[in-house]
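Biologist: I am new to this structure and would like a close look at a single part of it. Could you choose one region, explain your terms as you go, and take me through it step by step?

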Amino acid sequence: MIQIAPIQVDRQPSQRLSPRIIAIANQKGGVGKSTTAVNLATALASVNMKVLVVDIDPQGNATTGFGIERRQEIPSVYELLIDGIPIEEVVIETKIPGLSVLPSSVDLAGAELELIDLPERAYRLKHSLSKLDNSIDYILIDCPPALGLLTLNALSAAHAVLVPMQCEYYALEGLSQLVRTIERVKRTFNHTLEIQGVVLTMFDIRNNLCNMVASDVRAHFGKKVYETVIPRNVRVSEAPSHGKPVLLYDVSCAGSLAYMHLASEVLKRECGLAT
């Protein structure tokens, strides 16, 4: 089993009153949301946390990243949101102990329009997740690269948001827009929502622009930015084509080590939030 550097956890997972729900969101595409969801979930499961990944992105990268084929005969998040089928009929156990998935489907592409006329349209995911038993420690929601009703469902259900951000020219502008959206959701739909942290992804230390953007983000958001950065790494890019998290594809590569450290940081912050 994958090992993460030892950390101090103040309470046992079984003492959690309900699953902790973290939405992984950024309205910009290609910043590593699905990669972060898949590998952070795997790292958390490797330290005996019970984890559920909810793939609410129509692209379904988090689903295929665990080697799960997107087939129409398999119930998905679409049926959960639109038809209201029981959540236990949708959950798929992965080959990783303690890690399960609510898979995406291509039908989610039309869900934005269908949700408009449904009752409680912003809370349908929240209501479904509330029916899960308390044995799950963490629920990670992989959001689509848009701020529509699917993402609103995720933010309405979540306790916190983890924001992956690529170090590029328009990053700060996009991040500021997301922060404003989170504040609006907090005022209107989910008063307890907070930003758990910002993680810099696809980082190239040799690139001056990467370093400049990273400095600007840390200056603006301070301790909200994780110390861990996810490097640009070919093994991370290769892993999804094999239907595996990079932590299973190559546990010793730089990307795997970075996600292990990120998991440690996330858990440390969660312990701080719990005190």
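**The sheet and what surrounds it**

Modeller: Helix α8, residues 208–221, lies across β6, β7 and β8 and runs at about 170° to β7. This is a predicted model, in which local features need pLDDT of at least 70 and side-chain atom pairs count only at pLDDT 80 or more, while totals for chains, interfaces and linings use all residues. Residues are numbered from 1 along each chain as its sequence is written, and side-chain values use heavy atoms, with hydrogens and water left out.

Helices (H or I, at least four residues) and strands (E, at least two) are DSSP runs numbered from the N terminus. Angles, from 0 to 180 degrees, are taken between N-to-C directions of lines fitted to C-alpha atoms, for helices over the stretch in contact, and contact means heavy atoms within 4.5 Å.

The sheet itself is open, with 8 strands in the order β3-β4-β2-β5-β1-β6-β7-β8 and mixed pairing. β3 (92–93) and β8 (225–231) stand at its edges with a single partner strand each, so one side of each has no neighbour in the sheet. Two strands count as paired if DSSP finds at least two bridges between them.

Strand β1 deserves the closest look. With β6 it pairs in the parallel sense over 3 bridges, and there the bridge partner of Ala23 is Val161. Towards β5 (residues 138–142), β1 (residues 20–24) is again parallel, joined by 5 bridges, and in β5 Ala23 has Ile141 as its bridge partner. Helix α1 (residues 33–45) packs on this sheet, touching β1, β2 (51–55), β4 (99–102), β5, β6 (160–166) and β7 (194–203), and its direction makes about 165° with that of β5.

In a regular strand the side chains alternate between the two faces of the sheet. In β1, Arg20, Ile22 and Ile24 point one way and Ile21 and Ala23 the other, and all are buried; buried means under 20% relative accessible area, exposed over 50%, and partly exposed in between, with a 1.4 Å probe and protein chains only. The strand as a whole is mostly covered, since 5 of its 5 residues are buried.

Thr36, in helix α1, is buried as well, with a relative accessible area of 0%. Leaving aside residues up to four places away in sequence, Thr36 touches Ile24, Ala41, Leu162, Pro164, Thr201, Tyr259 and Leu262.

Helix α1 also leads to the largest pocket, which holds about 510 Å³ of space. Of the 30 residues lining this pocket, Gly32, Lys33, Ser34, Thr35 and Met202 are the closest to its centre. On a 1 Å grid over the protein atoms alone, a pocket is an open set of points where a 1.4 Å probe fits, with protein on both sides within 12 Å along at least five of seven lines, and lining residues have an atom within 4 Å of a point. Grid points are joined across faces, edges and corners, and the volume is the space filled by probe spheres set on them. α1 gives the most to this lining, with 5 residues.

Met202, in strand β7, has a positive phi of about 50° although it is not a glycine, and Met202 is partly exposed, with a relative accessible area of 22%.
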